[in-house]
Amino acid sequence: MTAILLPLLIAIVFIGISVVAAMGVNRKVNKTGRFSYSKRVYWIFSSYVVILLAGMVFASVHPSIIIDGWKKASGEDFDREGLELYDAAVEGKIDQVDSKFLRKKWDFNLQDKKLNLVVQNDEYLNTSIIVERKNTNDGKLDAVFYQTGSSVNGMDISELANPPGLKLAGDQLIIMKPKEGKFEYSEFANVFSISQFTGEASLFEHHSDFTGGQSILYLRIPKDLELHDQSNQDIQFVE
């Protein structure tokens with residue numbers, strides 16, 4: 001509430017000063033019957049400065065991005081966590097990563113000695129697929145989906161990211177594209193008269209900072225299972 005009232009109070013004060021000054025000018029004009037050009041320029045310039053100062057004060061106390069119900073986040077931290085998660089996965093150390101990155105698990109009983117990996121409707125998935133062979137032929141497929149955080153302009157939107165779907169149909173493991181999340185937010189951009197002093201990007205130069213996060217589908221398969229890739233995805237095997 002204070003964040004709203006303070007800028008409003010400042011604006012009222014500046015407007016009041018401008019009105020009082022203008023009334024004083026009008027009285028002077030009425031008494032003399034004329035008003036010099038230099039003084040008109042002076043009062044026009046003074047009014048501009050007053051409005052500019054009011055805008056700068058408002059910009060300093062009002063956040064440029066309205067965050068309602070979203071946690072603040074660091075895109076650099078998310079990028080670092082994504083690299084660490086990927087390195088742990090390809091090295092077979094996925095069990096050592098923080099459990100907060102584990103989003104979903106599946107367990108399938110395999111009936112055949114071969115498995116075709118496909119993506120539903122041949123869609124592209126922005127997910128790394130990493131495969132680890134077990135030391136035994138237990139006839140089971142263990143799948144785990146990991147994902148690090150996502151952010152937009154310093155807002156944590158990780159909860160909007162959904163895991164893919166998995167379905168075993170005969171000798172096919174079908175990967176289904178995750179449901180898309182929707183995110184809307186409002187942002188204020190200062191006009192040039194303010195941004196020229198604050199150094200921030202103008203309305204036409206503004207861009208959003210997005211961090212998508214690292215997503216990994218980790219598959220543990222029986223030792224001698226024949227895995228055939230028909231997904232056109234980038235698949236890596238743990239050495």
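Helices here are DSSP runs of at least four residues, numbered from the N terminus. The model is predicted.

Helix H3 spans residues 75–90 and holds both glutamate 84 and arginine 80. The two residues lie 4 positions apart, about one turn of the helix. They form a salt bridge, with the closest N and O atoms 3.5 Å apart. Glutamate 84 has a relative accessibility of 45% and therefore counts as partly exposed. Arginine 80 is also partly exposed, with a relative accessible area of 39%. The pair does not stand alone: Asp77, Arg80 and Glu84 are linked in a network of salt bridges.

Helix H3 also takes part in a contact with a distant part of the chain. Lysine 100 forms a salt bridge with glutamate 81, and the closest N and O atoms are 3.5 Å apart. Lysine 100 sits in the loop between H3 and E1, whereas glutamate 81 belongs to helix H3. In sequence, the partners are 19 residues apart. Their surroundings can be set side by side. Lysine 100 counts as exposed, at 51% relative accessibility. Glutamate 81 counts as buried, at 14% relative accessibility. The cut-offs are over 50% for exposed and under 20% for buried.

A further salt bridge joins the side chains of lysine 134 and aspartate 142, at 2.8 Å from N to O. Lysine 134 is buried, with a relative accessible area of 14%. Aspartate 142 reaches 22% relative accessibility and so counts as partly exposed. In total, the structure holds 9 salt bridges. Side chains of opposite charge can pair when their charged atoms come close.

Strand E4 covers residues 140–147. Of its 8 residues, 6 are buried, so the strand is largely enclosed by the rest of the structure. Strand E4 pairs with strand E1, residues 102–109, through 7 bridges. E1 and E4 run antiparallel. Within this pairing, lysine 105 has valine 144 of E4 as its bridge partner. Strand E4 is also joined to strand E10, residues 215–221, by 6 bridges. E4 and E10 run antiparallel as well. Here phenylalanine 145 stands opposite leucine 217 in E10. Strand E4 thus has bridges to both E1 and E10.

Conventions:
Residues are numbered from 1 along each chain as its sequence is written. This is a predicted model: local features need pLDDT of at least 70, side-chain atom pairs count only at pLDDT 80 or more; totals for chains, interfaces and linings use all residues. Side-chain values use heavy atoms; hydrogens and water are left out. Buried means under 20% relative accessible area, exposed over 50%, partly exposed in between (1.4 Å probe, protein chains only). Two strands pair if DSSP finds at least two bridges between them. A salt bridge is a side-chain nitrogen of Lys or Arg within 4 Å of a carboxyl oxygen of Asp or Glu.
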